[in-house]
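Me: I have a new structure to look at, and I would like to learn how to read its pockets. Could you walk me through it?

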Amino acid sequence: AEKEVDAVVLLQSILRKHLVISRLCRDNTAAVLIQSVARGMFARRYLEESLNVTVVLQALVRRHIEFCAYTSIKEAAVLVQRIGRGAIVRRQVRVEHSAAIDMQRIWRRAHAYFDFSSKLFAAISIQASVRRVIEKIRYSKARTGVVELQAAVRGCLIRSDMELRHFAASDIQRIWRGYEAQVMYMSTISRVTAVQSVARMIAARKDFSNLREAIELIQHRYRVWKREGAEK
């Protein structure tokens with residue numbers, strides 16, 4: 001920022017120097033032209049009135065008076081021009097300095113806003129990733145526990161059922177025992193499949209409802225944050 005201000009000040013000084021030099025050249029040319037015209041007029045008047053000494057003296061006095069008046073007027077005009085140019089240059093410097101300060105303030109504000117937005121987006125992304133990983137870990141643990149519990153229950157039920165059926169069918173012929181065991185096995189497989197499907201459906205619904213609640217909570221917090229940012 002300091003380098004930019006130094007560059008602006010250097011450009012302003014070069015521009016002011018160019019303007020002052022051009023104005024001085026223009027004023028000098030105008031003064032030389034006025035002097036040449038005045039000298040020519042005085043020379044013609046002197047030649048016309050050279051025959052009369054009184055007229056010549058009057059012309060000399062008038063020339064001296066006019067020259068003194070011209071000199072004083074020229075000095076006053078130069079002083080007025082210098083004061084006016086100084087005031088104009090100081091005003092331009094103040095305006096350009098104020099404009100440079102405003103541009104710097106706007107740039108700093110925009111840079112701070114973009115930096116804050118990028119950091120906020122990164123924080124939101126990290127939070128979403130962490131929550132997603134935590135939910136996956138919880139879901140995996142819950143699913144593993146449910147599966148182990150189902151396996152233990154199924155094993156216990158199957159073992160108890162097989163033992164009862166074995167004791168009840170001990171007096172039945174071998175062929176009937178084989179047929180009954182096959183039918184029971186098929187029915188057991190069907191029941192196990194039905195229980196697994198129901199358990200999976202319940203777990204999927206529960207996971208879906210939890211995920212939906214988490215998404216709605218995130219959306220609600222994002223809307224609240226966005227509304228607060230807009231109000232600020």
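**Reading the pockets**

Me: How big is the second largest pocket, by volume?
Reply: Happy to help! The second largest pocket has a volume of about 330 Å³. On a 1 Å grid over the protein atoms alone, a pocket is an open set of points where a 1.4 Å probe fits, with protein on both sides within 12 Å along at least five of seven lines; lining residues have an atom within 4 Å of a point. Points are joined across faces, edges and corners, and the volume is the space filled by probe spheres set on them. This is a predicted model, and totals for linings use all residues. Residues are numbered from 1 along each chain as its sequence is written.

Me: Which residues lie nearest the centre of that second pocket?
Reply: They are Arg154, Leu157, Ile158, Thr188 and Val192, out of 15 lining residues. Helix 2 and helix 3 each give two or more residues to this lining, helices being DSSP runs (H or I, at least four residues) numbered from the N terminus. Helix 2 has the largest share, with eight residues.

Me: And what about the largest pocket: which helix gives the largest share of its lining?
Reply: There it is helix 3, with 16 residues. The volume of this pocket is about 990 Å³. Its lining has 30 residues, and nearest the centre are Glu135, Arg138, Tyr139, Asp207 and Asn210.

Me: How does the lining of the largest pocket divide by class?
Reply: Ala, Val, Leu, Ile, Met, Phe, Trp, Tyr, Cys and Pro count as nonpolar, Asp, Glu, Lys and Arg as charged, and the others, Gly among them, as polar. The largest pocket has 16 nonpolar, three polar and eleven charged lining residues.

How values were computed:
This is a predicted model: local features need pLDDT of at least 70, side-chain atom pairs count only at pLDDT 80 or more; totals for chains, interfaces and linings use all residues. Side-chain values use heavy atoms; hydrogens and water are left out.
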